[in-house]
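Here's a quick briefing on how the pieces of this chain fit together. Have the viewer open while you read, and pick out each element as it comes up.

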Amino acid sequence: MPELPEVETVRRGLMPRMAGRRIVRLQQRRRDLRVPLPEKFAARVEGRTVTGIDRRAKYLLIRLDDGQTLIVHLGMSGRMTLYDAETAASHPLGAHDHVVFDMDDGWQVRFNDARRFGLMVLVPDEAVASHKYFRSLGPEPLDDAFTSEVLAARLAGRRTPIKAALLDQKTLVGVGNIYACEALFLAGISPRRSAHTVKGERADRLVAAIKRVLLRSIEDGGSTLRDHVQPGGELGYFQTRFNVYDRAGIACPTPACGHTVRRLVQAGRSTFYCTRCQR
């Protein structure tokens with residue numbers, strides 16, 4: 001599933017072609033994705049100007065000039081891909097191009113989702129923060145307000161392993177399995193460590209590592225392991241920088257460590273770490 005860096009990469013790729021442009025046509029090619037698509041979708045969106053595109057957790061928030069927000073989740077395999085007028089004309093819509101936005105300058109945005117786990121819902125701007133998708137979410141890890149004190153407070157009293165706590169969207173948002181493994185490695189913290197013990201200097205290291213990993217992945221266009229592509233069609237390449245994720249049995253990248261990366265299963269998810277470097 002796309003994680004925060006992949007969704008942020010999509011947002012940044014769409015901004016130059018959607019923000020400030022008018023949607024002249026919307027093609028809805030099926031009734032639903034994970035949930036039903038908005039009622040009278042085309043009628044409510046056509047003619048509207050996109051005033052901006054934000055991100056909350058792993059959701060895109062496409063702001064429209066009539067006070068509506070289109071909430072988009074990419075699910076497991078969703079893509080939003082850009083086509084100029086010439087390329088769109090020469091590339092027929094595919095079976096999984098479920099929603100198509102034609103912009104007033106001739107560019108086209110196709111939402112493609114082979115597995116149909118994505119979603120699109122329209123809500124008034126003022127209802128976004130309290131919407132069921134957002135009201136229980138934790139803080140954004142890249143916000144300046146997300147500090148080691150904030151993280152330690154959210155972990156206080158929790159006996160669950162720190163890796164599981166980082167995947168809990170109520171702790172903080174957007175840090176999925178890949179980036180939790182990588183951040184814990186950079187911070188030198190074992191994924192088995194009880195979450196309540198991550199405070200003080202450990203929390204300082206972990207917050208810095210989370211921000212570093214996420215920002216570096218965004219710079220690299222995210223991680224393309226299977227489905228993720230940027231709106232321009234480019235693949236992400238942060239996977240070429242993995243230190244531990246999916247590297248079980250390979251030497252730890254820390255100089256002179258001498259140990260190999262290990263894999264364990266926590267709450268049904270694979271965790272990769274170094275038993276020597278992470279305590």
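Let's start with a helix pair: helix α4 (residues 148-155) packs against α7 at an angle of about 110 degrees, and their axes are 8 Å apart. That angle makes α4 roughly perpendicular to α7. Bear in mind that this is a predicted model.

**α4 against α7**

- The α4/α7 crossing is right-handed.
- On the α4 side, the contact is made by Ser148, Leu151 and Ala152, while α7 brings in Ala203, Asp204, Leu206 and Val207.
- Sorted by character, the residues of the contact of α4 with α7 come out as 5 nonpolar, 1 polar and 1 charged.

**α6 against α7**

- Helix α7 (residues 200-219) also has helix α6 (residues 177-187) as a partner: the two axes come within 8 Å and cross at roughly 130 degrees.
- How are α6 and α7 set relative to each other, then? They are oblique, since the roughly perpendicular class covers 65 to 115 degrees and the roughly antiparallel one starts over 145.
- As with α4, the handedness is easy to state: α6 passes α7 in a right-handed crossing.
- From α6, the residues involved are Tyr179, Glu182, Ala183, Leu184, Leu186 and Ala187.
- They meet Arg205, Leu206, Ala209, Ile210, Arg212, Val213, Leu214 and Ser217 in α7.
- That contact of α6 with α7 splits into 10 nonpolar, 1 polar and 3 charged residues.
- One residue to click on is Leu206 of α7, which turns up in the contact with α4 and again in the one with α6.

**The four-stranded sheet and its helix**

- Over on the strand side, there's an open sheet of 4 strands, ordered β1-β6-β7-β5 and paired antiparallel.
- Its edges are β1 (23-28) and β5 (79-83), each of which pairs on one side only.
- Ignoring direction, neighbouring strands in this sheet are turned by 15 degrees against each other on average.
- Inside the sheet, strand β6 (residues 97-103) and strand β7 (residues 108-112) are joined in the antiparallel sense over 5 bridges.
- If you want a register marker, aspartate 102 stands opposite glutamine 108 in β7.
- Helix α1 (residues 4-18) lies across β5, β6 and β7, and runs at about 35 degrees to β5.

**The β2/β3 hairpin**

- β2 and β3 pair in the antiparallel sense over 6 bridges.
- Here the register can be read from isoleucine 53, which stands opposite isoleucine 62 in β3.
- The hairpin has 2 residues between the strands, and alanine 57 takes a positive phi near 55 degrees in it.

**Two positive-phi residues to check**

- Alanine 57 sits in the loop between β2 (50-56) and β3 (59-64), and its phi is positive although it is not a glycine.
- Is alanine 57 buried or exposed? It's buried, because its relative accessible area of 2% falls under the 20% cut-off.
- Arginine 116 is another residue other than glycine with a positive phi, near 60 degrees.
- You'll find arginine 116 in the loop between β7 and β8 (119-124).
- Arginine 116 has a relative accessible area of 33%, so it counts as partly exposed.

Technical notes: Residues are numbered from 1 along each chain as its sequence is written. This is a predicted model: local features need pLDDT of at least 70, side-chain atom pairs count only at pLDDT 80 or more; totals for chains, interfaces and linings use all residues. Side-chain values use heavy atoms; hydrogens and water are left out. Axes are lines fitted to C-alpha atoms, for helices over the stretch in contact, and angles run from 0 to 180 degrees between N-to-C directions. Angles under 35 degrees count as roughly parallel, over 145 as roughly antiparallel, 65 to 115 as roughly perpendicular and the rest as oblique. A crossing is left-handed if the near helix is turned anticlockwise from the far one by less than a right angle, and right-handed if clockwise. Contact means heavy atoms within 4.5 Å. Ala, Val, Leu, Ile, Met, Phe, Trp, Tyr, Cys and Pro count as nonpolar, Asp, Glu, Lys and Arg as charged, and the others, Gly among them, as polar. Two strands pair if DSSP finds at least two bridges between them. Buried means under 20% relative accessible area, exposed over 50%, partly exposed in between (1.4 Å probe, protein chains only).
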